[in-house]
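Visitor: I'd like to go through this model and ask how each label is earned. Could you take me round?

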Amino acid sequence: MDGVMVTDWPETEETARPRQGDGLLGTVLKGAVAGAAAMWVLDRVDWAMWDAEASETRAETRRVRPGGLDPAHVAANRITGAFGKELNPSQPHPAGIALHYAFGMVPTIAYALLRHRYPVVAAGGGVGFGLAATVIEDEGMNPLLGLAAPPQDYPWQDHARAVVAHVVLGVVAEGVLRALDGPPGKPKRIVA
């Protein structure tokens, strides 16, 4: 079949179709930016609510936390301890803060990748993502990995604060992703 060009094969159609969005790397970068921004806002909301709590409630939360530390600093101290080093101070420390941001950015990257393929993931404007982050990370993975005490050991105010802060995280992450990457299911390009 010399001289015959087939143009209706799926492979040909796929390569001829204009690419939507900025591809995998672009979406990962957008998710990282959204995650960092969302974590920054989460911290401000969480700290404001923490400061408004009764001193007895804050003391109870500190008492049940492993070593009195937040989960990211527990992890950072364990990692450095495995290398025979010690964080000084144990909290706050740049390594713990970096892990704290990573704990928010990695799930937000996954969310950024899923929201175009499965737009239902973004239903509620990020509220569902924030609630899922609370349940999976705070109530599940952190206690399971020993980065936090069992959920029942914390005062109810700690759980309420976590839910509000993570819903804020989800809403901010979705807002930043909409600005950078378009609405769910409709990726946009920001890189030419």
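Visitor: Where is E53 found?

Guide: This is a predicted model, by the way. E53 sits in the loop between α2 and α3 (55–64).

Visitor: What makes E53 count as buried or exposed?

Guide: Buried means under 20% relative accessible area. E53 has 12% relative accessibility, so it counts as buried. Setting aside neighbours within four places in sequence, E53 is in contact with R58, Q157, D158 and R161.

Visitor: How do you know whether Y118 is buried, partly exposed or exposed?

Guide: Partly exposed is the band between the 20% cut-off for buried and the 50% cut-off for exposed. Y118 has a relative accessible area of 45%, so it is partly exposed. Y118 lies in the loop between α5 and α6 (127–144). Its C-alpha atom and that of P184 are separated by 7.9 Å, with the two residues 66 apart along the chain.

Visitor: And H116, what is it called, buried or exposed, and why?

Guide: H116 belongs to helix α5. Its relative accessibility is 16%, and with the limit for buried at under 20%, H116 therefore counts as buried.

Visitor: Which residues does H116 touch, leaving out those up to four places away in sequence?

Guide: H116 touches D181, G182, P183, P184, G185, K186 and P187. The C-alpha atoms of H116 and P187 are separated by 6.6 Å, though these residues are 71 apart along the chain.

Visitor: On to helix pairs. Why is α4 called oblique to α5?

Guide: Helix α4 (residues 71–82) and helix α5 (residues 94–117) pack at an angle of about 120°, with their axes 8 Å apart. Roughly perpendicular covers 65 to 115 degrees and roughly antiparallel starts over 145, so α4 is oblique to α5. The crossing of α4 and α5 is right-handed.

Visitor: Which residues make that contact between α4 and α5?

Guide: From α4 come P71, A72, H73, A75, A76 and I79, and from α5 come A95, G96, I97, L99, H100 and F103. By class, the contact of α4 with α5 has nine nonpolar, three polar and no charged residues.

Visitor: What makes α2 and α5 oblique to each other?

Guide: α2 and α5 pack at an angle of about 135°, their axes 7 Å apart. That value falls in neither the 65 to 115 range nor the band over 145, so the two helices are oblique. α2 passes α5 in a right-handed crossing. The contact of α2 with α5 divides into 13 nonpolar, six polar and two charged residues.

Visitor: Which residues touch the most other members of the largest nonpolar core?

Guide: That core has 14 residues, and M39, L42, Y111, F129, L169 and L177 touch the most other members. α2 (23–52), α5 and α7 (156–181) each supply at least two residues of this core. The largest share, five residues, comes from α7. Leaving aside neighbours within four places in sequence, F129 is in contact with P107, T108, Y111, L169, G170 and A173.

Visitor: How many helices and strands are there in the protein chain?

Guide: There are seven helices and zero strands. Of the 192 residues of the protein chain, 36% count as buried.

Visitor: Among contacts between residues at least 6 apart in sequence, how many join residues at least 24 apart?

Guide: In the protein chain, 73% of those contacts do.

Technical notes
Residues are numbered from 1 along each chain as its sequence is written. This is a predicted model: local features need pLDDT of at least 70, side-chain atom pairs count only at pLDDT 80 or more; totals for chains, interfaces and linings use all residues. Side-chain values use heavy atoms; hydrogens and water are left out. Axes are lines fitted to C-alpha atoms, for helices over the stretch in contact, and angles run from 0 to 180 degrees between N-to-C directions. Helices (H or I, at least four residues) and strands (E, at least two) are DSSP runs, numbered from the N terminus. Angles under 35 degrees count as roughly parallel, over 145 as roughly antiparallel, 65 to 115 as roughly perpendicular and the rest as oblique. A crossing is left-handed if the near helix is turned anticlockwise from the far one by less than a right angle, and right-handed if clockwise. Contact means heavy atoms within 4.5 Å. Ala, Val, Leu, Ile, Met, Phe, Trp, Tyr, Cys and Pro count as nonpolar, Asp, Glu, Lys and Arg as charged, and the others, Gly among them, as polar. A nonpolar core is a set of buried Ala, Val, Leu, Ile, Met, Phe, Trp, Tyr and Cys residues joined through side-chain atoms within 4.5 Å. Buried means under 20% relative accessible area, exposed over 50%, partly exposed in between (1.4 Å probe, protein chains only).
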